[in-house]
Amino acid sequence: MIIQAPVKNRAIDRETVGTRHVERTGTVADTGSFSRPYPSAAEPAVIQVGDLRKSFRSGFLKRRIRGIEGVSFSVAKGSVFALLGHNGAGKTTTINCILDLVHPDGGDVKIMGMDYRDPASRARVGYLPERPYFFDHLTGRELLQFYARLLNISKEKRAARIDEVLGMVGMTSFAGRRLNKFSKGMLQRIGLAQAILGDPDLLILDEPMSGLDPIGRREVRELLLDLKRAGKTIILSSHIVPDVEIIADTVGILKDGCMAVVRDLNEMNPGFSYTGDLALSGARPDWLPSDHTVMVDGKVRVNVGSVGKLRNLLNDCHRESIPLVSLETHRSCLEELFMEINRDSAVKTEVAR
Amino acid sequence: MTGNILTLAASTFLETVRDRIFYLVAVFGFIMLASTAILSPLTVGAQAKIMADVGLASMVVFGLLVVVFVGSSMVRKELDKGTIVTILSKPVGRREYLIGKFLGLNLTLVSMLAVMGLVFLLMLFLAPGSFSLRFLGAFYLTFLELTLINAVVVLFSTSVSPVLAAVFTLGVFAVGHLSQSIRDFGQLQSSVFQRQMSELVYYLTPNLEVFNLRGAVVHGAAVSGQHLFMATVYCVAWTVLRLVIAGSIFSRKELRG
């Protein structure tokens, strides 16, 4: 139910109630869990990842360390899928497996119906690594010419396309400069330029905003939204929740190498949740949410998960002349979900300290 | 496929050029001039032979230095810096990548040998009576020898560190020039083990003496067409074998994006 994001932009239905429930153990279970790994036949998946597993050998005794375990997801044409997870959760390993940079222990990946091990499957894929580094003896334009040749862009179209992508990433005026004179942010931009150079159908971006200043982040975000509007399919990894919320249609949260949950952001309550304190003088009205808390000073604390529910609460309070003495805004549902999933990791980190 | 290989080869060539590798050619020219100036008074009547000897030996030494020290770090540098991941995320096969790098370095080698050869012939031309086109055969055999060494260094660079790759390659170069002698020496031993070991060394290392007719050429002998043909076949066979093994190792390598 949740695995495939629709092509349309996310509609902000603030009345929708999420399907997530939190178990007593503190883990998050998705009620519409990952029962259907691939999209329906009506909307073909650009990429299908099934039960991907990868472990690494480490240390003197070459002990096996889990990289990822049973990662499955698929991304429909034109949608943006975000891999969200803390550092070391397995985002980059998943991407490396998809691109055949590391060899998975098991599982399967199909890119536009082709086996991921076939180099031809990457003909319509653009990739930006987490720490982009390129031949520093080349200028920005020479680097893009090199990639354009690898992408078989014809000589006639090459120059125009390079100018176009340089403009898109705001690097036109630096195109003649050698890459060893580039800052980290400039490398990130030129990396993005090489990723979109071949006008790919699928973009795989590993931490595309890292290393960018706030203005650069905003520009890249806008660029990604433009690409999304142009119908590109995007997989991006990040641990920055607000960026993911703005760009992605679907989010897969990785924890310790496993896909903890895959969620369609259309079906979550985007934005923020709210806590209101009501000063009740008489009996508690029946419209109060069941999870309300009675405070020591007699006030009643109510949690609402969306603007729509907040509006209803305000209407009810107004109708029955119940004063709302305070209103607190909380972080987004996605961030909350992310924090809940990673609570155990956070506790472990705290204990380790 | 061919397009990708050529693109990668051109890029590798450009990288070596911008790394100022051709400064070595200037050093070569200086050695040629110095050998003329310094050795002339000591070698009455044999000035041209000494010059040709020093010149041809310098070509091998400088060519070897470039192949070993550029080749040993060529792939590793890209693995360490991560430039390789964006290349292999394009529709480029790993074997294509490796062949492209090999050809790029060979292009550098050809260019260096060509320039050094021209300097060499120019110096001989200026020394009366010593210029001869038979040296072209020696140039070609040197090129074949270093091409084979290039394939060896590419093979080592896919599996061990640059330092070890350089040491192993220099070892193959040394043993390659001695392999026939090692085999002959082994056959004289009474121990079966020693005989078998010398045979093993002979078959595991290329016989680089096939390409070493420099002494004969300096003393006026010409390289026959048949020898050039057989040396070419020998070089191609060893090179292809080494690249196939290197490609197989490199295909299994784990890269980090």
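Me: How much surface does chain A expose in this predicted model, and what share of it do carbon and sulfur atoms supply?

Reply: Chain A exposes about 16,300 Å², and carbon and sulfur atoms supply 52% of that area. For chain B the accessible surface is about 11,500 Å², with 72% belonging to carbon and sulfur atoms.

Me: What makes up chain B in terms of helices and strands?

Reply: Chain B has ten helices and zero strands. Read along the sequence, its pattern is accordingly α-α-α-α-α-α-α-α-α-α. Chain A, by comparison, has nine helices and 16 strands.

Me: What percentage of the residues counts as buried in chain A, and what percentage in chain B?

Reply: A residue counts as buried when its relative accessible area is under 20%. By that criterion, 51% of the 353 residues of chain A are buried. In chain B, buried residues make up 49% of 257.

Me: Why is B:Asn150 called buried?

Reply: The relative accessibility of B:Asn150 is 0%, and the cut-off for a buried residue is under 20%; therefore B:Asn150 counts as buried. This residue is found in helix 6 (residues 135-157) of chain B.

Me: Which residues does B:Asn150 touch, not counting those up to four places away in sequence?

Reply: B:Asn150 touches B:Val67, B:Phe102, B:Leu105 and B:Asn106. Each of these has heavy atoms within 4.5 Å of B:Asn150, so each pair meets the criterion for a contact.

Me: Why is A:Asp100 called buried, while A:Met112 is called partly exposed?

Reply: A:Asp100 has a relative accessible area of 12%, which is under 20%, so A:Asp100 is buried. A:Met112 stands at 31%, which lies between the 20% and 50% limits, so A:Met112 is partly exposed.

Me: What is notable about the phi values of A:Asp100 and A:Met112, and where do these residues lie?

Reply: Phi of A:Asp100 is near 65 degrees, a positive value in a residue other than glycine. A:Asp100 is placed in the loop between helix 1 and strand 6 (106-111) of chain A. Phi of A:Met112 is near 50 degrees, again positive in a residue other than glycine. A:Met112 belongs to the loop between strand 6 and strand 7 (114-115) of chain A.

Me: How many residues form the largest nonpolar core, and which have the most contacts inside it?

Reply: The largest nonpolar core has 147 residues, and A:Phe73, A:Ile190 and B:Phe120 have the most contacts inside it. Helix 3 (residues 47-81) of chain B gives the most to this core, with 14 residues. A second, separate core has twelve residues, among them A:Leu280, A:Val302, A:Leu310 and A:Ile322. To be counted in a core, buried nonpolar residues must be joined through side-chain atoms within 4.5 Å. In soluble globular proteins, nonpolar side chains tend to be buried together.

Me: How do the lining residues of the second largest pocket divide into nonpolar, polar and charged?

Reply: The lining has two nonpolar, nine polar and six charged residues. The pocket has 17 lining residues, and A:Gly88, A:Gly90, A:Thr92, A:Thr93 and A:Glu130 lie nearest its centre. Glycine counts as polar, so A:Gly88 and A:Gly90 belong to the polar group. About 320 Å³ of space lies in this pocket. Helix 1 (residues 91-98) of chain A gives the largest share of the lining, four residues.

Definitions and conventions:
Residues are numbered from 1 along each chain as its sequence is written. Chains are lettered from A and ligands numbered from 1 in the order in which they are written. This is a predicted model: local features need pLDDT of at least 70, side-chain atom pairs count only at pLDDT 80 or more; totals for chains, interfaces and linings use all residues. Side-chain values use heavy atoms; hydrogens and water are left out. On a 1 Å grid over the protein atoms alone, a cavity is a set of points where a 1.4 Å probe fits but cannot get out, and a pocket is an open set with protein on both sides within 12 Å along at least five of seven lines; lining residues have an atom within 4 Å of a point. Grid points are joined across faces, edges and corners, and a volume is the space filled by probe spheres set on the points. Helices (H or I, at least four residues) and strands (E, at least two) are DSSP runs, numbered from the N terminus. Buried means under 20% relative accessible area, exposed over 50%, partly exposed in between (1.4 Å probe, protein chains only). Accessible areas come from the Shrake-Rupley method with a 1.4 Å probe; for residues, only the protein chains shown count as cover.
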